[in-house]
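Dear colleague,

I am handing over the structure below, with the sequence alongside. Could you keep it open while you read the notes that follow it?

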Amino acid sequence: MEYSLFCHHLYALSVSPVKKKLGLLFIMLLLWVYMLYSCVGFCATMPRRLLVDNSNNNRARETEFVGKYAEAESGRPDPVMSKLLSEHRAQSSWTDLESDYDEPTFRRAPRGFAKNDVEVDRADDWEDGRGGEPRVSPLSSFSSGSGSKKLPQAIIIGVKKGGTRALLEFLRVHPDIRAVGAEPHFFDRNYDNGLAWYRDLMPKTLEGQITMEKTPSYFVTREAPARIYALSRDTKLIVVVRDPVTRAISDYTQTLSKKPDIPTFESLTFKNRTTGLIDTSWSAIQIGIYAKHLDNWLQYFPMVQILFVSGERLITDPAGELGRVQDFLGLKRIITDKHFYFNQTKGFPCLKKAEGSSKPHCLGKTKGRTHPNIDPEVVQRFRDFYRPFNMKFYQMTGHNFGWD
């Protein structure tokens, strides 16, 4: 009996420290989980180089930069480009029959612009009416709203009627991309609103996610490259380009749908139909001189920071083009063939299932309009006009887009 009691005491002494250790480990595990959960929000809100700025100071730095850059690196103008453009110099203001895009945009607004007034998309941009619905990743949901609004690390800067809306919506399927739906037009129309206004338009992101926006008019805005460079010289730029002849006709078709009484395409194209002189003051023509606009961007950004997406291949091989974009952004190739199906009626690809939805996702009625019949002679004259500019563009980008 005494021996049994003695053994019981020894057993109790040996077990008690084990229980204490297990309890301590359990408490430490709880603390570790709590710290990890808190760190998700903390890391996402770490300050970056230009999160807060003053618009006046920003413009002063931009002016100083432009002066130094021009003195140090501009050099002599490209003689080939000068020759090409000598006859077709753009006028100080283009003739643009439609000052706005067929896209939702943010208008100039006071700094107190309400959040629920800006993060919207027009319902008719997508058939299911979900154009501007924010995509929320599982990690965002886990962190219960943590994260912060950051200035974009990548911008789709062009071109109008090239396929920018389709590209943006395809990219928003990726869990590591967060993009504002409407076009901010910060670097062309709303620059005076300041960086705080611009940043407030952006969706919240966590560390490792990329913030994006698209405004196609940036590519043809002379001030945009310097302004974006002043914001961040590391910004990645994406340009969706399309056969400039087809693009111009699509541009005209969009305007015609809103203003049926505008002049014919032929009358807007020529300064003089008899001589065949093209009117380059019309923005629908001016936008398609890609080499001229690219030359402006290359004064500030190296070619390795600019990706050119083929608008034609975005229709025939969306997964292939999206693969190139994901590589360019340094992201895993998550968007693949399995995400797309071709809509024979509309004539372009649609998403099988958008993020957070079980329904197919197609561009709406404002996209894919039927083009008017254009005199083949006019089209050929148009192609002859663009050919030297296209050749120069192929040379600059190192890629033949096959428009000729």
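In helix α6, the buried residues are Thr164, Arg165, Ala166, Leu167, Leu168, Glu169, Phe170 and Leu171, and since that is 8 of the 8 residues of α6, the helix is largely enclosed by the rest of the structure. Please bear in mind throughout that this is a predicted model, and that burial here means a relative accessible area under 20%.

For orientation, the chain holds 15 helices and 11 strands, and of its 404 residues 50% count as buried. If one takes the contacts between residues at least 6 apart in sequence, 77% of them join residues that are at least 24 apart.

The sheet is a good place to go next. Its 5 strands form an open sheet in the order β3-β5-β2-β6-β9, and the pairing is parallel. At the edges lie β3 (177-179) and β9, each of which pairs on one side only, and neighbouring strands of this sheet are turned against each other by 25° on average, with direction ignored. Helix α6 packs on this sheet, where it touches β2 (154-158), β3, β5 (210-214), β6 and β9, and the direction of α6 makes about 160° with that of β2.

Within the sheet, strand β6 deserves a separate look, for 5 of the 6 residues of β6 are buried, so this strand too is largely enclosed by the rest of the structure. On one pairing, β2 and β6 run in the parallel sense over 4 bridges, and Ala154 has Lys236 of β6 as its bridge partner. On another, β6 and β9 pair, again in the parallel sense, over 5 bridges; there Ile238 has Leu307 of β9 as its bridge partner, while Val240 is matched with Val309 of β9.

Helix α14 (residues 318-328) is the next element to find on your screen. Of its 11 residues 8 are buried, so α14 is largely enclosed by the rest of the structure; the buried ones are Pro318, Ala319, Glu321, Leu322, Gly323, Val325, Gln326 and Phe328. Which elements cover the buried residues of α14? They include helices α6 (164-171) and α13 (313-316), together with the strands β6 (236-241), β9 (306-310), β10 (340-343) and β11 (348-351). Just after α14, Gly330 takes a positive phi of about 75°.

Strand β11 also leads to the disulfide, and a search of the whole structure finds 1. This bond joins Cys350 to Cys362, with an S to S distance of 1.8 Å, and it is right-handed, with 110° about the S-S bond. The pair links distant parts of the chain, given that Cys350 sits in strand β11 and Cys362 in the loop between β11 and α15 (376-397), 12 residues apart. Are these two cysteines buried or exposed? Cys350 has a relative accessibility of 1% and therefore counts as buried, and Cys362, with a relative accessible area of 2%, is buried as well.

Finally, helix α15 takes part in two helix packings that you may wish to examine in turn. In one of them, α9 (residues 244-258) and α15 pack at an angle of about 125°, with their axes 9 Å apart, which makes α9 oblique to α15. The contact is made by Pro244, Val245, Thr246 and Ala248 on the α9 side and by Val379, Phe382, Arg383, Tyr386 and Asn390 on the α15 side, and these residues divide into 6 nonpolar, 2 polar and 1 charged.

In the other, α12 (residues 290-297) and α15 pack at an angle of about 35°, and their axes are 8 Å apart. Here Tyr290, Ala291, Leu294 and Asp295 of α12 meet Phe389, Lys392, Phe393, Met396 and Thr397 of α15, and the residues of this contact divide into 6 nonpolar, 1 polar and 2 charged.

With kind regards

Note on methods
Residues numbered from 1 in each chain as written. Predicted model: local features only at pLDDT ≥ 70, side-chain atom pairs only at ≥ 80, totals over all residues. Heavy atoms only, no water. Buried < 20%, exposed > 50% of the residue type's maximum accessible area, 1.4 Å probe, protein only. Contact = heavy atoms within 4.5 Å. Disulfide = S-S within 2.5 Å. Pairing = 2+ DSSP bridges. Axes fitted to C-alpha atoms, helices over the stretch in contact; angles between N-to-C directions. Parallel < 35°, antiparallel > 145°, perpendicular 65-115°, else oblique. Nonpolar A, V, L, I, M, F, W, Y, C, P; charged D, E, K, R; others polar.
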